[in-house]
Amino acid sequence: MNYIVISPYYPQNFQQFTVELANKGITVLGIGQEPYEQLDAPLKEALTEYFRVENLENLDEVKRAVAFLFYKHGTIDRIESHNEYWLELDAALRDQFHVFGAKTKDLTKTKYKSKMKNYFIKAGVPVVPGQVVKKLTDIDKALKKIGLPMIAKPDNGVGAAATYKLETEADVAQFKEEWDQETVYFFEKFVNSGQICTFDGLTDSEGKIVFSTTFDYAHTPLDLLLYRMDNSYYVLKEVDPKLRAYGESIVKTFGMKERFFHIEFFRDGDDYIAIEYNNRPAGGFTIDVYNYAHSIDLYKGYASVVAGEGLTLPDFEPLYCLATTRRDATDYYYPEAELLDKYRSQLKAVKRMPKAFAELQGDTLYMLTTPDRAQMEQMIADFSRQK
């Protein structure tokens, strides 16, 4: 099997996908912008060949690289980056070279929030009313249809970027003034819930879920954006059956195969409202957080799925796994060394966040496990407490 990894160097923790694929006897070929000399030694050893391009965003240049590797190594069986930024590039290459996996037409249902909502409805999962906004008159239609307060997001966008919370007529007027009228927006009814949770996992080549889990955000992504709060989220020990039923229905309806998924929901009392389907793993070091919570290795697990071996889950009672961040510029009440000593038996890893994530999420990430929710909540309070 020949597997092309797009951008094998970045993010650094995703290099382990390449290593584990190679350990399964799969021929892994890399295409990236970084000089070969910059690659880490384990990555170099795992790659059968690395083709450096000047610009990964130049589709023609990347196509030529794939064509060369196809000519030299034979049929290409997979093309993947696992990276939100390169999802469309991955799909375009699969289109061109007839490779298994999500094609460009498949991405429309996960790329546009308006289309995504239609699939949630088809899956029988609760949603809030929404409206596509392409011109100024559409804003007035949204006001009439949905009413204030509303959330305005780019219809094709990632996370909380360029998001507005519209609570008053003055907010709407300000949006009208600032909007470039070129970016298509999607307006939704604002959900008065500070609780966002997820249904995350991995499907096999037939679309069957082989691993799933859930985590809660301590703060919403919008609050992180607006108030520069410290990011904290934690994997729960078990998935609420109602959330699992919704998540499994969504995965079946979207029909993605041999992919990670990351689905966000508002918790609304004892029910859930679907927010967004992400056709990839959750960002940053979240795969490592899953691994610590479930005593699993999803880098190896993914490689086993690709190799057609399936995924065997360990006989292990999950733990809470907390991922919490701190910012370099914030003056905290407890010094880092004091907390690392206090929680030394629970601490699993300390990571510096990539620059792409640090602005929104924080500069240093701490991962800790515990069987006790109260202790986990104390950890959040201790790491985030400021002077």
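**Helix 11, the cores and a surface patch**

The buried residues of helix 11 (buried means under 20% relative accessible area, with a 1.4 Å probe and protein chains only; helices are DSSP runs of H or I, at least four residues, numbered from the N terminus) turn out to be T286, I287, D288, V289, Y290, N291, A293 and H294. That makes 8 of the 9 residues in the run 286-294, so helix 11 is largely enclosed by the rest of the structure. Right after helix 11 comes S295, with a positive phi near 50°.

A quick word on the model: it is predicted, so local features need pLDDT of at least 70 and side-chain atom pairs count only at pLDDT 80 or more, while totals for chains, interfaces and linings use all residues. Residues are numbered from 1 along each chain as its sequence is written, and side-chain values use heavy atoms, leaving out hydrogens and water.

Two residues of helix 11, I287 and Y290, show up again in the largest nonpolar core (buried Ala, Val, Leu, Ile, Met, Phe, Trp, Tyr and Cys residues joined through side-chain atoms within 4.5 Å). This core has 47 residues, and L21, I287, Y290 and Y302 have the most contacts inside it. Helix 12 (residues 298-306) gives the most to this core, 6 residues. Setting aside neighbours within four places in sequence, I287 is in contact (heavy atoms within 4.5 Å) with F14, F17, F260, P281, L298 and Y299. Another core, of 23 residues, lies apart from the largest one, with F120, C197, V239 and F265 among its members.

Out on the surface, Y227 in helix 9 (residues 221-227) counts as exposed (over 50% relative accessible area) because its relative accessibility is 55%.
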